[in-house]
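Good morning, and thank you for the opportunity to present. I would ask you to keep the structure in view while I speak.

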Amino acid sequence: MAWIALIIAGVLEVCWASGLKYSEGFTKPIPTIFTLVTMIGSFWLLALAMRTIPLGTAYAIWTGIGAVGAVIFGIVMLGEAASIGRLIAICMILGGIVMLKLFSPT
């Protein structure tokens, strides 16, 4: 259950990072509310996951999901560059996430 909470927390991190972009510095009410709600949910689920998953593993996977998701969101939704270097970096982060999961004691 902790791993599911961690994955959802990571997805919510992508949501709040994207919402932060659309809130334009918290000047737009709806994106601001969306950002704050998803931020709270993300942190709450991360804290829940950390009850059983080691801190370093949970935090690294949470930020990795957020980083990869934000880059993919930027490429797909915002028209950001999908250079070979960025795609290799995404693969490297995903590789690190998989290794952390495989070698985690929980």
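**Annotated spans, a helix pair and a core**

Let us begin with residues 33–50, where 94% of the span is helix and 0% is strand, and where the end C-alpha atoms lie 26 Å apart. Please bear in mind throughout that this is a predicted model.

Why begin with residues 33–50? They are covered by the UniProt annotation "transmembrane region", which comes from an unreviewed entry. The same annotation also covers residues 57–78 and 84–103. In the last of these, residues 84–103, the chain is 95% helix and 0% strand, with 29 Å between the end C-alpha atoms.

I turn now to a pair of helices. Helix α1 comprises residues 2–23, and helix α2 comprises residues 29–49. How do their axes meet? They come within 7 Å of each other and cross at roughly 155°. An angle over 145 degrees counts as roughly antiparallel, and α1 and α2 are therefore roughly antiparallel to each other. The crossing in which α1 passes α2 is left-handed. If we sort the residues in the contact of α1 with α2 by class, we find 17 nonpolar, seven polar and one charged.

Between these two helices there is a loop, and two of its residues deserve our attention. E24 is located in the loop between α1 and α2, and its phi is near 50°, a positive value in a residue other than glycine. Is E24 buried, exposed or partly exposed? Its relative accessible area is 48%, so E24 is partly exposed. The second residue, F26, also lies in the loop between α1 and α2. The phi of F26 is near 60°, which is again a positive value in a residue other than glycine. With a relative accessible area of 43%, F26 is likewise partly exposed.

My final topic is the nonpolar core. How many residues does the largest one have? The largest nonpolar core has 15 residues. Within this core, the residues with the most contacts are L6, L46, I53 and I61. Which elements give two or more residues to this core? They are α1, α2 and α3, the last of which spans residues 55–78. The largest share comes from α1, which provides six residues.

To close, I would return to the helix pair: α1 and α2 cross at roughly 155°, and both are among the elements that give two or more residues to the largest nonpolar core. Thank you for your attention.

Notes:
Residues are numbered from 1 along each chain as its sequence is written. This is a predicted model: local features need pLDDT of at least 70, side-chain atom pairs count only at pLDDT 80 or more; totals for chains, interfaces and linings use all residues. Side-chain values use heavy atoms; hydrogens and water are left out. UniProt positions are given in the numbering used here, feature names are shortened, and annotations may be inferred rather than shown by experiment. Helices (H or I, at least four residues) and strands (E, at least two) are DSSP runs, numbered from the N terminus. Axes are lines fitted to C-alpha atoms, for helices over the stretch in contact, and angles run from 0 to 180 degrees between N-to-C directions. Angles under 35 degrees count as roughly parallel, over 145 as roughly antiparallel, 65 to 115 as roughly perpendicular and the rest as oblique. A crossing is left-handed if the near helix is turned anticlockwise from the far one by less than a right angle, and right-handed if clockwise. Ala, Val, Leu, Ile, Met, Phe, Trp, Tyr, Cys and Pro count as nonpolar, Asp, Glu, Lys and Arg as charged, and the others, Gly among them, as polar. Buried means under 20% relative accessible area, exposed over 50%, partly exposed in between (1.4 Å probe, protein chains only). A nonpolar core is a set of buried Ala, Val, Leu, Ile, Met, Phe, Trp, Tyr and Cys residues joined through side-chain atoms within 4.5 Å.
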